[in-house]
Amino acid sequence: MLAQMISILAAAILLLAIALLLLGWGGLLTLCQRIGLAMFGAGLVLAAIPRFQGRPPGWGDVLMLSGLVLYLGATYAPKIIQHVDGLDGKIDGRFGRPRQPRA
């Protein structure tokens, strides 16, 4: 019983934080980040009841994880791509070694 109450409290705090971020109180967010947060929050709500009933993962879990992936991808993918592009020595928008002209 205590674990269930703590889980409900933790989920409520997480949903409140997501709602505040969606309202824009957490700073500037892109559309993809907001959609990812909305998907994460909706998936959390959809997955909560089956979790308490001991059911296996379902569509709510898929929605929650895909929202998390979308949010993290929208947040960190540009920097990751820039670092990967810089591995060849220059950040020029091309990946790999420069092509040698054919003789």
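These legends walk you through several close-up views of a predicted model.

**View 1. Helix α1 and the turn that follows it.**
Welcome to helix α1, which has 21 residues. From its first C-alpha to its last, α1 reaches 30 Å, close to the 30 Å expected at 1.5 Å a residue. Look for leucine 21, which lies in this helix and counts as partly exposed at 27% relative accessibility. Leucine 21 and leucine 37 are 16 residues apart in sequence, yet their C-alpha atoms are 7.9 Å apart in space. Just after α1 comes glycine 24, with a positive phi of about 95°.

**View 2. Leucine 23, in the loop between α1 and α2.**
Leucine 23 sits in the loop between α1 and α2. Is leucine 23 buried or exposed? With a relative accessible area of 58%, leucine 23 is exposed, because the cut-off for exposed is over 50%. To get a sense of distance, find aspartate 88 as well: the C-alpha atoms of leucine 23 and aspartate 88 are separated by 40 Å, and the two residues are 65 apart along the chain.

**View 3. Helix α2, its bend and its buried residues.**
Follow helix α2 through residues 31-52. Its 22 residues should span 32 Å at 1.5 Å a residue, and the end C-alpha atoms are indeed 32 Å apart. Where does α2 bend? The bend, about 25°, is at leucine 46, and proline 50 follows within four residues. Several residues of α2 are buried, including Gly36, Leu37, Phe40, Gly43, Leu44, Ala47 and Pro50. The buried residues of α2 pack against α1 and α3. After the helix you will meet glycine 54, whose phi is positive, near 80°.

**View 4. A salt bridge between α2 and α3.**
Side chains of opposite charge can pair when their charged atoms come close. A search of the whole structure finds 1 salt bridge. Here the side chains of arginine 51 and aspartate 61 meet, at 2.4 Å from N to O. The pair links distant parts of the chain, with arginine 51 in helix α2 and aspartate 61 in helix α3, 10 residues apart. How accessible are the two partners? Arginine 51 is partly exposed at 34% relative accessibility, whereas aspartate 61 is buried, with a relative accessible area of 13%.

**View 5. A nonpolar patch on the surface.**
This view takes you to a nonpolar surface patch of about 900 Å². Which residues make this patch? They are Leu65, Leu68, Leu72, Tyr76, Ile80, Ile81, Val84, Leu87 and Phe95. One of them, valine 84, is found in helix α3, which covers residues 59-85. Valine 84 is partly exposed, with a relative accessible area of 41%. As you look along the helix, it helps to remember that an α-helix has 3.6 residues a turn, so residues three or four places apart point the same way.

**View 6. Aspartate 85 and its contacts.**
Aspartate 85 also lies in helix α3. With a relative accessible area of 5%, aspartate 85 is buried, because buried means under 20%. What does aspartate 85 touch, not counting residues up to four places away in sequence? Its contacts are Lys90, Ile91, Asp92, Gly93, Arg94 and Phe95. Phe95 may look familiar, since this residue also helps make the nonpolar surface patch.

Definitions and conventions
Residues are numbered from 1 along each chain as its sequence is written. This is a predicted model: local features need pLDDT of at least 70, side-chain atom pairs count only at pLDDT 80 or more; totals for chains, interfaces and linings use all residues. Side-chain values use heavy atoms; hydrogens and water are left out. Patches are made of residues with over 30% relative accessible area and no salt bridge: like charges are joined within 9 Å, nonpolar side chains (Val, Leu, Ile, Met, Phe, Trp, Tyr) within 5 Å. Accessible areas come from the Shrake-Rupley method with a 1.4 Å probe; for residues, only the protein chains shown count as cover. A salt bridge is a side-chain nitrogen of Lys or Arg within 4 Å of a carboxyl oxygen of Asp or Glu. Helices (H or I, at least four residues) and strands (E, at least two) are DSSP runs, numbered from the N terminus. Buried means under 20% relative accessible area, exposed over 50%, partly exposed in between (1.4 Å probe, protein chains only). The expected span of a helix is 1.5 Å times one less than its number of residues. The bend at a residue is the angle between axes fitted to the seven residues ending there and the seven starting there. Contact means heavy atoms within 4.5 Å.
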